[in-house]
Amino acid sequence: MSLVIVGTVAFDELITPFGKSGKIVGGSATYASLSASNFVGETKIVSIVGEDFPEEQLQKFKEKGIKTEGIEIVKEGKTFFWKGEYHNDMNSRDTLDTQLNVLADFNPALPEDCKEAEFLMLGNLTPAVQMSVLKQMNKRPKLVILDTMNFWMDIAMAELKEVLKEIDVLTINDEEARQLSGEYSLVKAAAKIFEMGPKYLIIKKGEHGALLFSKDEVFFAPALPLEEVFDPTGAGDSFAGGFIGYLAKTRDISFDNMKRAVINGSAMASFCVEKFGIQRIEGIQDAELKERLRQFISLSQFDM
Ligand code: AMP
């Protein structure tokens, strides 16, 4: 098994109804790899940061079995920065600032061992970089997942459509599925998106769960009703990291196993939102994960 996650390693600044985070560590690859590390012994990140990125965080990645050789550190460069503010329902947010900084000129050169990955997550990042990573692989990975967002649909739709032709699973939220397909119905959106290349589609619906589509099956995973939702940032990436981490651990990419992967991803997302930033996703114990999976099963099990 080998898992490579490409994405942002970033600084975030978050405003939620519960408070302001100040400048903290975030990024799509950060959340996804911390989440995946609960399933696999070794995850490799491919990303870029500036010299301002804290060495302690890179050390923390290593302690979790996350290899950082693929994170380029640009001398005197500034790390990608994102600032967002959540609305009162915590389901929607506004991006207040996106500073690409070192990401603007990122041209990844994959370490040799990353080129052999069997499981590849092209996390939220510029589609051109996602494509460049895919092209550098020595062989087609067993499974390629791509996560993206409206930001890239707005400024790089053509490149995004090119990379969609090459992947297996696309994870996006409901609004992004509508934007990408031009369809309001998510069932019609899925059909249009399958014509673009992906074989599976996961539509994330925040506190309303997630839908997994193949061309002829659909599965719905609820989100766990939580007492505390503190900060939804990174929930989507934690979901995707849990999903691919579980698949990489079990090495089974059947639709039935993808259902279990979706539940594991949903469990990781439910942890993520309980605290600001990566605080919660950094320290999950096996017993807690088991208990949460049990809650997911009992949430939607019933006799007829
Ligand atoms: P999520 O809440 O799962 O959508 O992910 C939030 C994370 O995505 C934050 O930690 C940000 O640093 C990162 N992020 C925000 N905007 C972008 C972007 N345009 N490209 C890549 N990563 C981003």
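**Glu76 and Arg251**

I began with Glu76, which counts as exposed because its relative accessibility is 74%, and I noted that the structure I am reading is a predicted model. I located Glu76 in the loop between E5 and strand E6 (81-86). Its backbone caught my attention, since Glu76 has a positive phi of about 60° although it is not a glycine. I kept in mind that most residues other than glycine have a negative phi.

I then looked up Arg251, another non-glycine residue with a positive phi, here about 55°. I found Arg251 in the loop between H7 and H8, and with 39% relative accessibility it counts as partly exposed.

**Glu69**

I went back along the chain to strand E5, residues 66-74, which holds Glu69. Is Glu69 buried or exposed? I read a relative accessible area of 57% for Glu69, so I entered this residue as exposed, the cut-off being over 50%. I also checked how far Glu69 is from Phe243, and their C-alpha atoms are separated by 23 Å, with the two positions 174 residues apart along the chain.

**The ligand and its shell**

Next I turned to the ligand, which has 19 residues around it, and I wrote down Asp12, Gly27, Arg93, Gly234 and Asp237 as those that come nearest. Sorting the residues of this shell by kind, I got nine nonpolar, seven polar and three charged.

I looked at the individual polar atoms one after another. In the side chain of Thr8, an N or O atom is 3.0 Å from a nitrogen atom of the ligand. At Gly236 the backbone supplies the N or O atom, and an oxygen atom of the ligand lies 3.2 Å from it. For Asp237 I noted 2.6 Å between an N or O atom of the side chain and an oxygen atom of the ligand. On its own the ligand has 510 Å² of accessible area, and the protein covers 94% of that.

Which elements give two or more residues to the shell around the ligand? I listed strand E2 (10-16), helix H4 (150-164) and helix H7 (235-250), and the largest share, three residues, comes from H7.

**Lys204 and Ala177**

I looked up Lys204 in strand E11, which runs over residues 200-204. Although Lys is a charged residue, Lys204 counts as buried, because its relative accessibility is 14%. Leaving aside neighbours within four places in sequence, I found Lys204 in contact with several residues, among them Asp147, Asp174, Gly236 and Phe239.

I then moved to Ala177 in helix H5, residues 174-181, and entered this residue as buried because its relative accessibility is 0%. Not counting residues up to four places away in sequence, Ala177 touches Ile172, Leu186, Ala189, Ile193 and Ile203. I checked Ala177 against Arg93 as well, and the C-alpha atoms of these two, 84 residues apart along the chain, are separated by 17 Å.

**Helix H3**

Why did I enter helix H3, residues 127-136, as largely enclosed by the rest of the structure? I did so because seven of its ten residues are buried. These buried residues are Pro127, Val129, Gln130, Met131, Ser132, Val133 and Leu134. I traced what they pack against, and the partners are strand E1 (3-6), strand E8 (119-122), strand E9 (143-147) and H4.

**Aromatic pairs**

Last, I counted the aromatic pairs and found seven in the structure. Phe11 and Phe53 form a tilted pair, with 5.7 Å from centre to centre and 40° between the planes. This pair links distant parts of the chain, for Phe11 is in strand E2 and Phe53 in the loop between strand E4 (43-50) and helix H2 (55-63), 42 residues apart. I noted that both Phe11 and Phe53 are buried.

The rings of Phe230 and Phe276 have centres 5.1 Å apart and planes at 90°, so I entered this pair as edge-to-face. I placed Phe230 in the loop between strand E13 (218-221) and H7, and Phe276 in the loop between helix H8 (255-272) and helix H9 (286-300), so the pair ties together parts 46 residues apart in sequence. Phe230 is partly exposed, at a relative accessible area of 25%, whereas Phe276 is buried, at 13%. I closed the entry with Phe18, which forms one aromatic cluster with Phe230 and Phe276.

Terms used: Residues are numbered from 1 along each chain as its sequence is written. This is a predicted model: local features need pLDDT of at least 70, side-chain atom pairs count only at pLDDT 80 or more; totals for chains, interfaces and linings use all residues. Side-chain values use heavy atoms; hydrogens and water are left out. A residue is near a molecule or strand if one of its heavy atoms lies within 4 Å of it. A polar contact is a pair of N or O atoms within 3.5 Å; within protein, one must be able to donate a hydrogen and the other to accept it, and residues adjacent in sequence count only if both atoms are side-chain atoms. Accessible areas come from the Shrake-Rupley method with a 1.4 Å probe; for residues, only the protein chains shown count as cover. Helices (H or I, at least four residues) and strands (E, at least two) are DSSP runs, numbered from the N terminus. Buried means under 20% relative accessible area, exposed over 50%, partly exposed in between (1.4 Å probe, protein chains only). Contact means heavy atoms within 4.5 Å. Rings of Phe, Tyr and Trp (its six-membered ring) pair if their centres lie within 6.5 Å; planes under 30 degrees apart count as stacked, over 60 as edge-to-face and the rest as tilted.
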